[in-house]
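Q: Please give a close look at a single part of this model, and then place that part among its surroundings.

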Amino acid sequence: MNDTLYLFASVAVMALVTYFIRMLPLAVFRKKIKSKFVLDFLYYVPYAVLAAMTIPTVFFSSNSLISAAAGFIVAVVLSFFERGLLLVAVCACGGVFVTELLIKLVA
């Protein structure tokens with residue numbers, strides 16, 4: 001019984017936090033935002049959050065930091081040349097695979 005109460009309390013707290021995070025900007029910013037700085041800042045927030053969540057995981061996703069860095073470099077270079085997401089992902093995985101093979105051959 002205690003576990004069930006804890007579960008419902010946790011869900012209620014998460015629901016309230018989620019609600020307030022989504023509701024506060026609507027309540028605070030009633031007028032249209034005209035500041036170029038704030039608009040630019042808000043434009044890049046999703047990209048920054050996605051990078052902050054993704055980049056650390058990339059470097060701990062394989063057996064070696066070297067192979068993870070090789071895959072990351074392949075992905076960044078292909079993205080810079082505006083290749084498609086599927087090609088970038090496949091080539092990054094291939095880069096990690098080849099680097100892992102080279103590491104095993106050398107070691």
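What is the relative accessible area of Y43?

A: Y43 has a relative accessible area of 49%, so it counts as partly exposed (buried is under 20%, exposed over 50% and partly exposed in between, with a 1.4 Å probe and protein chains only). The model is predicted: local features need pLDDT of at least 70 and side-chain atom pairs count only at pLDDT 80 or more, while totals for chains, interfaces and linings use all residues. Residues are numbered from 1 along each chain as its sequence is written, and side-chain values use heavy atoms, with hydrogens and water left out.

Y43 belongs to a group of rings. A search of the whole structure gives six aromatic pairs (rings of Phe, Tyr and Trp, the last by its six-membered ring, with centres within 6.5 Å; planes under 30 degrees apart are stacked, over 60 edge-to-face and the rest tilted). One of these pairs joins Y43 to Y47: the centres are 5.9 Å apart, the planes make 55 degrees, and the pair is tilted. Y44 and Y47 also pair, with 6.5 Å between ring centres and planes at 55 degrees, so this pair is tilted too. Through these ring pairs Y43, Y44 and Y47 are linked into a cluster. Y44 is exposed, its relative accessible area being 52%.

The positions along the chain fit this picture. Y43 and Y47 are both in helix α2, four residues apart, about one turn of the helix (helices are DSSP runs of H or I of at least four residues, and strands runs of E of at least two, numbered from the N terminus). Y44 and Y47 also both lie in α2, three residues apart, again about one turn. An α-helix has 3.6 residues a turn, so residues three or four places apart point the same way.

The helix that carries the cluster comes next. Helix α2 covers residues 36–59, and at 1.5 Å a residue its 24 residues should span 34 Å; the end C-alpha atoms are 35 Å apart, which agrees (the expected span is 1.5 Å times one less than the number of residues). α2 has a kink of about 35 degrees at V45, shortly before the proline P46 (the bend is the angle between axes fitted to the seven residues ending at a residue and the seven starting there). D40 is another residue of α2. At 33% relative accessibility, D40 is partly exposed. The C-alpha atoms of D40 and A69 are 30 Å apart, with these positions 29 residues apart along the chain.

Helix α1 can be set beside α2. The 27 residues of α1, 2–28, should span 39 Å at 1.5 Å a residue, and the end C-alpha atoms are 38 Å apart, which agrees. α1 bends by about 25 degrees at R22, and the proline P25 follows within four residues. R22 is exposed, with a relative accessible area of 62%. From R22 to F37 the C-alpha distance is 21 Å, and the two residues are 15 apart in sequence.

Y47 leads from the ring cluster to a pocket. The second largest pocket holds about 180 Å³ of space (on a 1 Å grid over the protein atoms alone, a pocket is an open set of points with protein on both sides within 12 Å along at least five of seven lines, a cavity is a set where a 1.4 Å probe fits but cannot get out, and lining residues have an atom within 4 Å of a point; points are joined across faces, edges and corners, and volume is the space filled by probe spheres set on them). Its lining consists of Y47, L50, A51, T54, I55, V58 and F72. α2 gives the most to this lining, with six residues. By class, the lining has six nonpolar residues, one polar and no charged (Ala, Val, Leu, Ile, Met, Phe, Trp, Tyr, Cys and Pro are nonpolar; Asp, Glu, Lys and Arg charged; the others, Gly among them, polar).

V58 leads on to the other pocket. The largest pocket has a volume of about 220 Å³. It is lined by 13 residues, of which V58, G71, A75, A89 and A92 are the closest to its centre. α3 (65–80) and α4 (85–106) each supply at least two residues of that lining, and α4 gives the most, with six. The lining of the largest pocket divides into 10 nonpolar residues, three polar and no charged.
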